[in-house]
Amino acid sequence: MNAQFKKGVLELIVLESVRKRDMYGYELVEEVSKVVDVNEGTIYPLLKRLTNEKYFETYLRESTEGPPRKYYHITASGILYRDELEKEWDTFWQSVCQFLKEHRDE
Amino acid sequence: MSKREFLEELKNFLSILEEREQKDILDEYSQHIEMKIKDGMSEEEAIRDFGDIRELASDIMAAYHVKLPQEEEVKEQEPVQFVAEEREAISPQEMSEISRKDLSDSVRKKAVNLLAEAKEALKRVGKILGNGCTWTGKKVASLFVACGNGILMVLKKPVQLERRIRESRRNQFDKEGNRNAKEGSFMMGVVHLFKKLISDVYLAFLWCVRTCVNLFWAGMAMLFGITALFALFGLGMVTVLLCAGYPLVGVTILCLGGLLVCGSVTVLCFCLIRRDTKGEIQNA
C-alpha cells in the first residue's frame with residue numbers, strides 16, 4: 001500500500017487500539033499490523049510523540065516472561081483527539097469516494 | 001547486524017537526548033527485538049524489519065517536536081549557535097541541526113509541562129468556586145444569589161493575583177531555563193525545586209481559601225439557625241394567641257415564612273460545607 005496513505009491513518013489506528021485497552025509496544029505493533037502492513041520502527045516514534053503530547057500515559061507492569069513492560073494508556077485529551085481524527089477521516093474518505101464516483105459516472 | 005550493534009548505533013543518533021529518554025527508547029527497541037526472537041525470528045531479520053537506522057532515528061527525533069501555543073516566543077528564544085564538537089556520530093552539519101531541534105524542544109517541553117500544570121490547577125480552583133456558584137443559583141432566592149456572587153468575587157480576586165504571580169514566575173523561569181539549557185542535569189534540579197515550591201504555595205493557598213469558605217458557610221448556618229429558632233418560638237406564641245381569638249393571622253404567616261426560609265438556608269449552608277470537604281478528599 002502507498003506509504004503516504006498509511007502514515008495518515010496510523011495515528012488513528014494506534015489511538016483506537018489503545019482506547020479499547022491498555023497495551024504495550026510489541027502488542028500494539030502486532031495489532032496495527034493486522035490492519036496495515038507497517039514498518040515496526042515507525043510505531044515507537046509515534047507512541048513517543050503521542051506520549052509527549054499527553055495523549056498517552058505510560059506505566060510499567062511486571063510480566064511473567066522477561067523484564068517489566070511499558071503499557072500505554074489513553075488520556076481524556078487522547079480520546080478527544082481520536083474522535084477529532086475520526087471525524088476528519090470520515091469526511092476525507094467520503095469526499096474522495098464522492099469525487100471518484102462522479103468521475104466514474106461521467 | 002547484531003542487536004548490540006543496532007542499539008549502539010541507534011544510541012549514537014540519540015546521544016543529544018537526556019540520558020533517561022535514551023534508555024527508555026533503547027529499552028523499548030531491545031524488548032521488541034527479544035520478543036521477535038522469541039516468536040521464532042532471527043536477530044538479523046528482526047533488526048532488518050526496522051529499516052534504515054538513520055531514518056528511524058530521525059523519526060524518533062521528530063517525536064520531540066512538541067507544538068506549543070506561544071510558538072513565536074519560543075522561536076525567539078531558540079539559540080542561534082550550538083556546539084556539537086564532542087560528538088562524532090554523524091556529519092557535524094546534520095548533528096547540529098538535530099541538536100538545535102532537540103534543545104528548542106526541551107525548552108518547549110518544559111514550557112508545555114508548566115502550562116499543563118497551571119491549567120490543571122486553575123481548573124481545580126474554578127471547579128471549587130463553580131460548584132458553590134451553580135449550587136447557590138439553583139437552591140436559593142435571587143437575593144441570596146447576589147450575596148453569594150459578591151463573596152465569590154472577593155474570593156476570585158486572590159486567585160487572579162495568584163495566577164498572575166505564577167505566570168510572572170513562569171516567564172522568569174522560562175528565560176532562565178533557556179540560558180542554562182546546556183547544563184541539563186543542574187537545570188532539572190532547579191526546575192524540580194521550583195515546581196515543588198510553587199505547588200506547595202499553591203496548595204497552602206488553596207487550603208486557606210477552602211477553610212475561609214467553610215468558615216463563612218458555618219457562620220451563615222449558625223446565624224440563620226438561630227433566627228429559625230426565634231421564628232419557631234414566635235410562631236408557637238402567636239399560634240396560641242391566635243387560638244385565643246386575637247387577630248394575628250398576618251404575624252403567624254410571617255413567622256411561618258421566616259421559619260421556613262431560615263431553616264432551608266441553614267440546611268443549604270451545611271450542604272455547601274460538606275460538598276467542599278468532599279472535593280478536598282477527591283483532590284487529595
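A salt bridge is counted here when a side-chain nitrogen of Lys or Arg lies within 4 Å of a carboxyl oxygen of Asp or Glu, and by this rule the count comes to 18 salt bridges over all chains. The legends below describe close-up views of a predicted model.

**View 1. Lys3(B) and Glu34(B) form a salt bridge in chain B.** The closest N and O atoms of Lys3(B) and Glu34(B) are 2.7 Å apart. Because Lys3(B) lies in helix α1 (residues 3-13) of chain B and Glu34(B) in helix α2 of chain B, the pair ties together parts that are 31 residues apart in sequence. The two partners can also be described by their accessibility: Lys3(B) counts as buried, at 18% relative accessibility, whereas Glu34(B), with a relative accessible area of 34%, is partly exposed.

**View 2. Lys36(B) is joined to Asp49(B) by a salt bridge.** In this pair the closest N and O atoms are 3.0 Å apart. The pair links distant parts of the chain, with Lys36(B) in helix α2 of chain B and Asp49(B) in the loop between α3 (43-48) and α4 of chain B, 13 residues apart. Lys36(B) counts as buried, at 5% relative accessibility, while Asp49(B) is partly exposed, with a relative accessible area of 32%. In chain A, salt bridges that share partners join Glu16(A), Arg19(A), Arg82(A), Asp83(A) and Glu86(A) into one network.

**View 3. The side chains of Glu19(B) and Lys11(B) meet in a salt bridge.** The N to O distance given for this pair is 3.8 Å, which still satisfies the rule because the cut-off is within 4 Å. Glu19(B) counts as exposed, at 60% relative accessibility, and its partner Lys11(B) is partly exposed, with a relative accessible area of 34%.

**View 4. Chain B and chain A meet in a contact that takes 25 residues from chain B and 22 residues from chain A.** Between them the two chains bury about 2,000 Å², and 52% of this area is on carbon and sulfur atoms. Three residues, Glu28(B), His32(B) and Met35(B), together supply 28% of the area that chain B buries against chain A, which is more than any other three residues.

**View 5. Four salt bridges are counted between chain B and chain A.** One salt bridge across the interface is formed by Glu28(B) and Lys70(A), whose closest N and O atoms are 3.7 Å apart. The rule for polar contacts finds seven residue pairs across this interface, with both residues of each pair at pLDDT 80 or more. On the side of chain B that touches chain A, the elements that give two or more residues are α2 (19-38), α4 (53-62) and α6 (92-139) of chain B. The largest share of that side comes from α2(B), which supplies 11 residues. Sorted by class, the side of chain B that touches chain A has 11 nonpolar, five polar and nine charged residues.

**View 6. Ser17(A) is found in helix α1 (residues 3-20) of chain A.** Ser17(A) has 5% relative accessibility and therefore counts as buried, since buried means under 20% relative accessible area. When its neighbours within four places in sequence are left aside, Ser17(A) is in contact with Met23(A), Leu28(A) and Glu31(A). As for the chain around this residue, chain A has four helices and three strands, and these follow the pattern α-β-α-α-β-β-α when read along the sequence. Buried residues make up 42% of the 106 residues in chain A. Among contacts in chain A between residues at least 6 apart in sequence, 48% join residues at least 24 apart.

**View 7. Cys212(B) has Cys208(B) as the location of its closest cysteine sulfur.** A disulfide is a covalent bond between the sulfur atoms of two cysteines. The sulfur of Cys212(B) is 6.4 Å from that of Cys208(B), which is too far for a bond, because a disulfide requires the two sulfur atoms to be within 2.5 Å. A search of the whole structure finds zero disulfides over all chains. Cys212(B) is partly exposed, with a relative accessible area of 49%, whereas another cysteine, Cys262(B), counts as buried at 9% relative accessibility.

Definitions and conventions:
Residues are numbered from 1 along each chain as its sequence is written. Chains are lettered from A and ligands numbered from 1 in the order in which they are written. This is a predicted model: local features need pLDDT of at least 70, side-chain atom pairs count only at pLDDT 80 or more; totals for chains, interfaces and linings use all residues. Side-chain values use heavy atoms; hydrogens and water are left out. Contact means heavy atoms within 4.5 Å. Buried area is the accessible area (1.4 Å probe) that two parts lose on being put together, summed over both. A polar contact is a pair of N or O atoms within 3.5 Å; within protein, one must be able to donate a hydrogen and the other to accept it, and residues adjacent in sequence count only if both atoms are side-chain atoms. Ala, Val, Leu, Ile, Met, Phe, Trp, Tyr, Cys and Pro count as nonpolar, Asp, Glu, Lys and Arg as charged, and the others, Gly among them, as polar. Buried means under 20% relative accessible area, exposed over 50%, partly exposed in between (1.4 Å probe, protein chains only).
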